[in-house]
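I opened this entry to record what I looked up about the contact between two chains, and then about salt bridges and cysteines. The notes follow the order in which I checked things.

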Amino acid sequence: MGEFATWLEQQRAAPRQEGGITVMHLLDLPQPVRSLLRLLLRQGAMSHAELAAQAASLPDQLSPAELDALLELLCQQGWLQQLDNAPGQHYRLHLRHKGPTGRMDTL
Amino acid sequence: MSKIISVHSFRGGTGKSNTTANLTALFASQGLRVGVVDTDIQSPGIHILFGMDHDELEYSLNDYLWGRCAIEQAAYDVTANLGAEISGNIFLIPSSMKPGEITHVLREGYDVGLLNDGFHRLVEELSLDVLMIDTHPGLNEETLLSIAISDALVLILRPDQQDYQGTSVTVEVARKLDVPSLQLVVNKVPAAMDRAAVRARVEQTYASPVAAVLPHSDEMMMLASAGIFALRYPNHTVTQELQNIVAALS
């Protein structure tokens, strides 16, 4: 089983993390996931078709089935939001609110 | 297409804000529309270099993050403040200098997604060619966000063992976040040091290009943030090195 598949299995078994994703989470993700989420951060929002094109062009490319499994998982985790006001399926990252400085959100 | 450039240093006192302001002015001198955001919310100060009186600000980045205004309402065209012929425009988005508003951020935090949206909106609403982000030293959430969304990261360090070690941490993070262009800048190099040797050592240590090695400058110290060095001293060695950074980022 590859790094991505292993990670996906582990995440499915992990409890939902409330509050969204932080950029610090990105540092620990497998390369293809990190690349896609970094691009989403940079673009603000992306359609499913745009994500699929990017996923296919990555060095560790994701198949359409792997991409759909990833998007479903990230939405369940609350790291990704599906936008209702755009035509087709569009996604954006749900970034966690920065808490008081000195707590867990500061390195 | 617009470009987002973050300027960062692992430790404070490296000349990060000063370098950001100078690069901003040099880009604008090329006729570009440049935005500069002070995300150093905990210890802001770049507005001083652009001749802004903080008491006259109606809105700051803090107001945007707390939903009191749109991000473009906190953007000020400071081009005319610089007292030089600049063919482009400079829009500054300052952070608040009010103690209560700084402690509010430390106490309550803010919506990081809103900050990210604000960067994108600034580029669109102000038709920016370049968005410069002046970050807080070290690594925190807004710094990582700035690095992650940037097309280029300028990392500033001094020829100092603590800076060398801290910079390696940031370089590693930048690589993990796939920043397309990483440019190192060595600042405040004493005259007694061989700048070419410093450049070679830093390039070898980090396996990244060094865009500039800026010598320590008494003129810079004497200016004391009372203006933009590159505009006051256009033929100075420091300015020539700053131009090298602009070329590396263009």
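I started with the contact, counted as heavy atoms within 4.5 Å: 23 residues of chain A and 32 residues of chain B take part. The model is predicted, and local features need pLDDT of at least 70, side-chain atom pairs count only at pLDDT 80 or more, while totals for chains, interfaces and linings use all residues. Residues are numbered from 1 along each chain as its sequence is written, chains are lettered from A and ligands numbered from 1 in the order in which they are written, and side-chain values use heavy atoms, with hydrogens and water left out.

I then looked up the buried area (accessible area, 1.4 Å probe, that two parts lose on being put together, summed over both). Chains A and B bury about 2,300 Å² between them, with 54% of it on carbon and sulfur atoms. On the chain A side, A:Arg38, A:Arg42 and A:Lys98 lose the most area to chain B, together 31% of what that side buries.

Next came polar contacts (N or O atoms within 3.5 Å; within protein, one must be able to donate a hydrogen and the other to accept it, and residues adjacent in sequence count only if both atoms are side-chain atoms). I found 16 residue pairs in polar contact across the interface, both residues at pLDDT 80 or more. The elements of chain A that give two or more residues to this side are α2 (23–27) and α3 (31–43); helices here are DSSP runs of H or I, at least four residues, and strands are runs of E, at least two, numbered from the N terminus. The largest share, seven residues, comes from α3(A).

For salt bridges I used a side-chain nitrogen of Lys or Arg within 4 Å of a carboxyl oxygen of Asp or Glu. The interface has three, and one joins B:Glu142 to A:Lys98 at 3.3 Å, N to O. Over all chains the count is 14.

Within chain B, I noted B:Arg11 with B:Asp163, closest N and O atoms 2.7 Å apart. B:Arg11 lies in the loop between β1 (3–8) and α1 (16–29), and B:Asp163 in helix α7 (residues 161–176), 152 residues apart. B:Asp163 is buried at 2% relative accessible area, whereas B:Arg11 is partly exposed at 26%; buried means under 20%, exposed over 50%, partly exposed in between (1.4 Å probe, protein chains only). Both belong to a salt-bridge network with B:Arg158 and B:Asp160.

Last, I checked disulfides (cysteine sulfur atoms within 2.5 Å) and found zero over all chains.
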